[in-house]
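Let's take a look at how a protein and a DNA strand sit together. Have the sequence and the 3D view open as you read.

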2 protein chains.
Amino acid sequence: MRIGELAERAGTTTRTLRYYESRGLLTVARDAQGYRTFGEDDLRVLRQIRALRENGFELEETRPFVECLRAGHPEGDSCPDSLEVYRRKLAELDACIAELRSVREEVGARLARAEVEATAGSPHGPEPRCELAPPNPVPDTRQEPEGDTMP
Amino acid sequence: MRIGELAERAGTTTRTLRYYESRGLLTVARDAQGYRTFGEDDLRVLRQIRALRENGFELEETRPFVECLRAGHPEGDSCPDSLEVYRRKLAELDACIAELRSVREEVGARLARAEVEATAGSPHGPEPRCELAPPNPVPDTRQEPEGDTMP
DNA sequence: CTATGGATTGACGCTGACGTCAACGCAACA
DNA sequence: TGTTGCGTTGACGTCAGCGTCAATCCATAG
């Protein structure tokens with residue numbers, strides 16, 4: 001199987017696969033023409049990666065799962081490192097949910113307070129979008145002393 | 001008041017203020033030396049912006065609040081456009097929280113399932129971080145038909 | 001006179017996960 | 001002999017919100 005077929009079967013693009021390879025997540029063999037050659041195991045690895053990505057895991061966080069699969073285990077989460085990633089993600093999710101709820105309450109309160117002074121307008125279609133957790137962690141380059149609202 | 005003082009009083013940097021100006025959020029007068037000159041109203045505008053940003057509002061979403069303040073209203077959320085932003089943000093937050101909870105359940109279930117097969121390891125310090133909502137909406141360049149898991 | 005401190009503009013860097021060219025090679029089909 | 005159609009590498013673009021120089025100017029303190 002070559003890169004185009006694999007991409008299609010995995011529901012992604014060739015660019016993505018080459019990117020994964022550049023990150024060391026895909027080990028690639030070449031044929032006589034210099035074309036990348038993949039097998040069914042690579043497809044399994046890819047599906048694992050995509051499944052995790054869709055749940056908001058960073059690419060780097062999928063590495064233990066990939067290595068676990070490549071070590072011959074039937075599932076990517078059969079290894080302790082993968083479980084550790086699960087646990088970290090759960091903690092992240094819990095923290096994120098708590099934070100979002102607190103923000104939600106504050107915004108809700110502000111809206112309610114502001115709506116009292118003036119007659120409100122007409123409801124209107126919203127277009128919500130959401131971020132799972134990791135991508136673009138809002139550059140926290142500045143060192144924060146201790147307890148800070150995390151944006 | 002010049003830019004350095006305003007930055008310090010608002011708890012931000014001069015770079016940030018110049019950036020806001022470039023986005024049209026700050027209207028700036030210049031003195032004889034070409035230095036930017038600010039007043040107390042600019043400080044109020046800035047505080048409004050920073051407060052919203054800390055709650056996960058995009059810079060662009062603060063614009064109605066800024067314009068509301070500049071229109072002479074005592075609060076940035078005294079105008080209908082600002083309220084509309086509040087409502088949109090509430091919808092976003094609700095959608096995001098729901099999504100995160102569903103992911104949390106799935107990851108939790110996967111962890112539980114995987115923990116059954118092997119004796120688990122030692123708990124270990126997590127380092128959670130969180131995203132409020134808008135920044136970096138995970139490039140949805142591909143057109144999705146309808147119901148998709150939003151990553 | 002010069003050092004210092006703050007101001008100015010402009011331009012590049014950074015993060016993640018790719019998208020999007022460009023310029024090319026290689027094979028099969030007409 | 002084209003011409004598709006796949007593959008290759010390399011490099012730049014994207015999104016937000018700034019950080020980080022660099023070179024220069026201005027005024028005040030010593």
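## Gripping the backbone

Start with Arg30(A) in this predicted model: an N or O atom in its side chain is 2.8 Å from a phosphate oxygen of DNA strand D. Arg36(A) does something along those lines too, with a polar side-chain atom 2.5 Å from a phosphate oxygen of DNA strand D.

Then hop over to chain B. Which kind of oxygen on DNA strand D lies 3.1 Å from a polar side-chain atom of Arg15(B)? For Arg15(B), that oxygen belongs to a base.

## The surface around strand D

Now zoom out a bit. Two or more residues of the surface near DNA strand D come from each of these elements: α1 (3-10) and α2 (14-22) in chain A, plus α2 (14-22) and α3 (40-54) in chain B. The largest share, four residues, is the work of α2(B).

There are 20 residues around DNA strand D, and the ones that come nearest are Gly4(A), Arg18(A), Arg30(A), Arg36(A) and Thr16(B). Sort the surface by class and you get nine charged, six nonpolar and five polar residues. What about the DNA side? Of the strand D atoms within 4 Å of the protein, 73% belong to sugar or phosphate, and the rest to bases.

## A core built from two chains

Leave the DNA for a moment and look inside the protein. The largest nonpolar core has 30 residues, and Tyr86, Leu100 and Val107 of both chain A and chain B have the most contacts inside it. Which elements give two or more residues to this core? They are α5 (80-117) of chain A and α5 (80-117) of chain B.

Tyr86(A) is a nice one to click on. Setting aside neighbours within four places in sequence, Tyr86(A) is in contact with Phe57(A), Phe65(A) and Asp77(A), and also with Val107(B), Arg110(B) and Leu111(B) from the other chain.

## Chain A as a whole

How many helices and strands does chain A have? The tally for chain A is five helices and two strands, and from the N terminus on they run α-α-β-β-α-α-α.

Chain A has 151 residues, and 38% of them are buried. Its accessible surface comes to about 8,500 Å², with 48% of that belonging to carbon and sulfur atoms. As for contacts in chain A between residues at least 6 apart in sequence, 53% join residues at least 24 apart.

How values were computed:
Residues are numbered from 1 along each chain as its sequence is written. Chains are lettered from A and ligands numbered from 1 in the order in which they are written. This is a predicted model: local features need pLDDT of at least 70, side-chain atom pairs count only at pLDDT 80 or more; totals for chains, interfaces and linings use all residues. Side-chain values use heavy atoms; hydrogens and water are left out. A nonpolar core is a set of buried Ala, Val, Leu, Ile, Met, Phe, Trp, Tyr and Cys residues joined through side-chain atoms within 4.5 Å. Buried means under 20% relative accessible area, exposed over 50%, partly exposed in between (1.4 Å probe, protein chains only). Contact means heavy atoms within 4.5 Å. A residue is near a molecule or strand if one of its heavy atoms lies within 4 Å of it. A polar contact is a pair of N or O atoms within 3.5 Å; within protein, one must be able to donate a hydrogen and the other to accept it, and residues adjacent in sequence count only if both atoms are side-chain atoms. Ala, Val, Leu, Ile, Met, Phe, Trp, Tyr, Cys and Pro count as nonpolar, Asp, Glu, Lys and Arg as charged, and the others, Gly among them, as polar. Accessible areas come from the Shrake-Rupley method with a 1.4 Å probe; for residues, only the protein chains shown count as cover.
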